[in-house]
Amino acid sequence: MPTGEVTAKGTPKTRAATWWDHTGPLALVFTGGADSTRGDLVLPVRLPSGAGRWPRLLHFLNNPDTWHKVDLVRRRDTCAPGGWAYEAHLMVLTAGYTSPATRSRRNAAAKLARVGGIDGNVSNLSVVSLPDTFDPTDGPVVATRLEFTDDELVVLEKARRKERGRKRALDRSRRATNPDQYGPSKRQQARSERRRTAGLPARTVQVPGGARDSNKAGVPKQAYRRDDLSAGYRRNRARLAEAAATAAAAKDHRARRIAGRIVADHGANLTVEDCDIRTWYRLWGKALQATTPGRLITAISRECEKSGGRLLRASTFTIKLSQTCLCGESVTKTLADRVHRCTYCGLIADRDMVSAALAAHVRLTNPDDPRTASLDIVQARMTQIVFAEGLQEALSGQPQRGARPRRGRTPAAAQRPVPGQRASARQNTTDRYRPTPNETRPALMRHKAHVGTAIPVGNAPPTDGAPEQELIGRHPTTG
């Protein structure tokens, strides 16, 4: 490479070229360090292609001064040797990319002068918003309820069957490879007893279906990590992990899409009850893996912040949205009652819609402390009067499906008692019959003082620094 200087004879000086002089296509180079005697490993970078990808690439790669480091990662890939694909990710110190359409949508949402409330449920999500002036001339009541369609339920059931089949295949493969660690099932034992009684020779059990051999404490005699695993078992395990990662990415994409639509329709100033999602998982179990209410609420909170607003969380200690009417009267309901019926004002509407409308009237003395939430009953009653038929029409709707928990291992915690029937001791001593998570409970019955307390402002992490973003451009090397 020319150095820009000349020798005594007048010839231009040159130096050995290095990779810092490379101006061709983007490539990843492993030199091995200054003491390495091996040759350089040069890997060409495969940039993602498709509609809208070029502005994203320019956002991250147009300024080399923001390039930070290269991380070597691996991900599950059943087509790669060994079931793993190895990639190099370029970390860039810059803000995330936002498309022009997304910026336009967020700017429009920031200009919406509306306040709204959200009621998260196991099977759906209800949102109700009103003008921030609570004046019908400034806008109508807007209500939205999100739930799975019939086609989406069919797709979810198909995915569950596939996952269940893969897990059963893994279990059969492990049992077939390690038959000494499992005992025969009751059915296999009965068959062996019938053959012995009939005088037939004993048949060897290839795949024992019983429990794993354990000691008196229930600990397996041989650790699972010491089992022999076949190549088919490793392939099935890689397929299961790859399918789980794909499903998680699809749920994230669905949550972001729903959050963008909700904020665009209802504004960026919303309020939601601060419920404990862990309690929901104890009651409904895997049923929440499809709807993922926690993922949806988190995505809505992030979208509100990016649109210039905020998602406020109100503690269930101080408000009882599901047990209160807009007129201020208390309407006691169990979890099985999905329709709100107030005998005082005559309001008949969907239970979740009424709770979402009440959430729009929650006021917080300290937005960072959900325990300072209180319900403005006077404003809620005025809203019911001035909006009248428009509010009744917006809140009315068919009760959502899937509201009741499934019977079996995860039954509902709140069930209407039968008159004259004595509750069993099991209902009084187990966790499965505790009050429902979306109902207000006394403080002494809570498992802790408060759920989801926001980080104090003084202890909040600094946000002035540029976050570390990961570029999607990668090299599909496998090993």
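Visitor: How many salt bridges does the structure hold?
Guide: The structure holds 19 salt bridges. Keep in mind that this is a predicted model.

Visitor: Take Arg 212. What does Arg 212 form a salt bridge with?
Guide: Arg 212 pairs with Asp 227, and the closest N and O atoms are 2.9 Å apart. The pair links distant parts of the chain, with the partners 15 residues apart. Arg 212 sits in the loop between helix 4 (186–197) and helix 5, and Asp 227 sits in the loop between helix 4 and helix 5 as well.

Visitor: Is Arg 212 buried or exposed?
Guide: Arg 212 counts as buried, because its relative accessibility is 10% and the cut-off for buried is under 20%.

Visitor: And Asp 227, buried or exposed?
Guide: Asp 227 is buried, with a relative accessible area of 7%.

Visitor: What about Asp 252, which residue is its partner?
Guide: Asp 252 forms a salt bridge with Arg 295, where the closest N and O atoms are 2.4 Å apart. This pair also links distant parts of the chain: Asp 252 belongs to helix 5 and Arg 295 to helix 8, 43 residues apart.

Visitor: Why does Asp 252 count as partly exposed?
Guide: Because its relative accessibility is 29%, and partly exposed covers the range between under 20% and over 50%. Arg 295, at 30% relative accessibility, also counts as partly exposed.

Visitor: Which residue does Lys 69 form a salt bridge with?
Guide: Lys 69 pairs with Asp 71, and the closest N and O atoms are 4.0 Å apart. Asp 71 has 27% relative accessibility and counts as partly exposed. Lys 69 counts as partly exposed too, at 36%.

Visitor: Which residues are linked with Arg 106 in a network of salt bridges?
Guide: Arg 105 and Glu 303 are linked with Arg 106 in that network.

Visitor: Pockets next. How much space lies in the second largest pocket?
Guide: About 1,100 Å³. It is lined by 24 residues, and the closest to its centre are Tyr 97, Arg 106, Arg 256, Arg 302 and Lys 306. Arg 106 is also one of the residues in the salt-bridge network.

Visitor: Which helices supply at least two residues of that second largest pocket's lining?
Guide: Helix 2 (100–110), helix 5 (231–266) and helix 8 (293–306) each do.

Visitor: How do the residues of that lining divide?
Guide: Into six nonpolar, eight polar and ten charged.

Visitor: How many cavities of 30 Å³ or more are there?
Guide: The count comes to three. The largest cavity has a volume of about 80 Å³. Strand 8 (124–131), strand 9 (142–147) and helix 8 are the elements that give two or more residues to its lining.

Visitor: Which residues line the largest cavity?
Guide: Among them are Asn 121, Val 122, Leu 146, Phe 148, Arg 254, Pro 293 and Leu 296. By class, the lining of the largest cavity has six nonpolar, four polar and two charged residues.

Visitor: Over to the surface. Which residues make the nonpolar patch?
Guide: Phe 30, Leu 41, Val 70 and Leu 72 make a nonpolar surface patch of about 350 Å².

Visitor: Where is the place of Phe 30?
Guide: Phe 30 is in strand 3, which covers residues 27–30.

Visitor: Why does Phe 30 count as partly exposed?
Guide: Because its relative accessibility is 31%, and exposed would need over 50%. The patch itself takes residues with over 30% relative accessible area.

Definitions and conventions
Residues numbered from 1 in each chain as written. Predicted model: local features only at pLDDT ≥ 70, side-chain atom pairs only at ≥ 80, totals over all residues. Heavy atoms only, no water. 1 Å grid on protein atoms, 1.4 Å probe; cavity = no way out; pocket = protein on both sides within 12 Å on 5 of 7 lines; lining within 4 Å. Points joined across faces, edges and corners; volume = space filled by probe spheres on them. Helix = DSSP H or I, 4+ residues; strand = E, 2+ residues; numbered from the N terminus. Nonpolar A, V, L, I, M, F, W, Y, C, P; charged D, E, K, R; others polar. Patch = residues over 30% accessible without salt bridge, like charges linked within 9 Å, V, L, I, M, F, W, Y side chains within 5 Å. Areas by Shrake-Rupley, 256 points an atom, 1.4 Å probe, with all protein chains shown as cover. Salt bridge = Lys/Arg side-chain N within 4 Å of Asp/Glu carboxyl O. Buried < 20%, exposed > 50% of the residue type's maximum accessible area, 1.4 Å probe, protein only.
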